[in-house]
Amino acid sequence: MTNASGRPSYIYTYAYSADEESLCRMELRCLFGEEVPPAIFASGIAVDVSRSPFLKERIDVMYAGDSLPEIYTQVEQVEVEGKSFKAIFVKTNDLSAADKIEYAERRVIEREIGMHIEGEADVNHPQLVYGIVTLGGRWYFGHYHKNKADWFRHMKKPRSYSIALSTRVARAAVNMGIPRPEGIKAIDPCCGIGTVMVEALSMGIDIVGRDINPMIATGARTNIAHFGFAAEVTLGDIADIREQYDVAFVDMPYNLYSSITPEEQFFILVHARRIADRAVIVAIEAMDAMISEAGFTITDRCIAKKAGFSRHIMLCQ
């Protein structure tokens, strides 16, 4: 997607492990509204790369050219307003193996860009960071953003549960259900220890939680407070919820360490449909027929693998 000048607004890079391909691709489809090419792509949509467990970098494109000399000329227009800066060559690109740019040449390109920008270069503690990348046979330069991965610290919760969603899966699921957080009101009606809630709250999303188990609900409150967040976690059955929400996150109870009947699963789905316009449903089986009978339509799906079993993640309207 390009802007009025004919160049893309943003360029992103991303990566995933073999087991996470399905999860990653669905998250990116939800964030960007389309299937994206491998490793690097252009978009007109601005997404904070630190939201995603898979996005690595973003360049806010300022200049584009068919050659590096074109970029060098254009960056002379950059105004750093007295701030220090540095330029980073983004290693991820779509060059063939034969055209690969090696480390020494990347450093030369970074220095050349720095020489064409009037200001103080600082490779260690710059106030401004710019990126240069090649994609589709062209060169792009702009403000550079790297994933801070602050959510890594959420992996160490004071309260844990053996089959709780991993932090990475929970974070991706939140992005699937809420690609645009502004004005969204969400609920996790079977919140467990609050893994989804912590990830949503860290993105500034308005979310509340509920659980029928008093010890588990207490664990969720403890985890949320541990990371400096605040949100309501109530005790009770999903059937007693009267408020309406834009999105519900439903990590279905599993017949692994606790007993739940198909009737009880359907009960949860029916009430999720009642209280929310959209839902992200996580289960260890596809549950298509039950989800449809509850009144939902599955609009996208993926599989996330963990500890010897797979979870089906289904985005439903």
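Trainee: Which residues of helix 1 meet helix 4?
Mentor: In this predicted model, Leu23, Met26, Glu27, Cys30 and Leu31 meet Val169, Arg171, Ala172, Asn175 and Met176 of helix 4. The contact residues divide into seven nonpolar, one polar and two charged.

Trainee: What makes Glu27 and Arg171 charged and Asn175 polar here?
Mentor: The classes go by residue type. Glu and Arg count as charged. Asn is outside the nonpolar and charged lists, so Asn175 counts as polar.

Trainee: Why is helix 1 called roughly parallel to helix 4?
Mentor: Look at the angle. The axes of helix 1 (residues 21-32) and helix 4 (residues 167-177) cross at roughly 30°. Angles under 35 degrees count as roughly parallel. Therefore helix 1 is roughly parallel to helix 4. The two axes come within 8 Å, and the crossing is left-handed.

Trainee: On to the sheet. What makes strand 9 and strand 12 edge strands?
Mentor: Each pairs on one side only. The seven strands run in the order 9-8-7-10-11-13-12, in an open sheet with mixed pairing. The twist averages 20° from one strand to the next.

Trainee: How do you know that strand 10 and strand 11 pair?
Mentor: Count the bridges. Pairing needs at least two bridges. Strand 10 (residues 245-251) and strand 11 (residues 276-283) pair over six, in the parallel sense. Val250 stands opposite Ile281 in strand 11.

Trainee: What is the direction of helix 5 against strand 8?
Mentor: Helix 5 (residues 195-202) runs at about 170° to strand 8. Angles over 145 count as roughly antiparallel, so that label fits. Helix 5 also lies across strand 7, strand 9 and strand 10.

Notes
Residues are numbered from 1 along each chain as its sequence is written. This is a predicted model: local features need pLDDT of at least 70, side-chain atom pairs count only at pLDDT 80 or more; totals for chains, interfaces and linings use all residues. Side-chain values use heavy atoms; hydrogens and water are left out. Axes are lines fitted to C-alpha atoms, for helices over the stretch in contact, and angles run from 0 to 180 degrees between N-to-C directions. Helices (H or I, at least four residues) and strands (E, at least two) are DSSP runs, numbered from the N terminus. Angles under 35 degrees count as roughly parallel, over 145 as roughly antiparallel, 65 to 115 as roughly perpendicular and the rest as oblique. A crossing is left-handed if the near helix is turned anticlockwise from the far one by less than a right angle, and right-handed if clockwise. Contact means heavy atoms within 4.5 Å.
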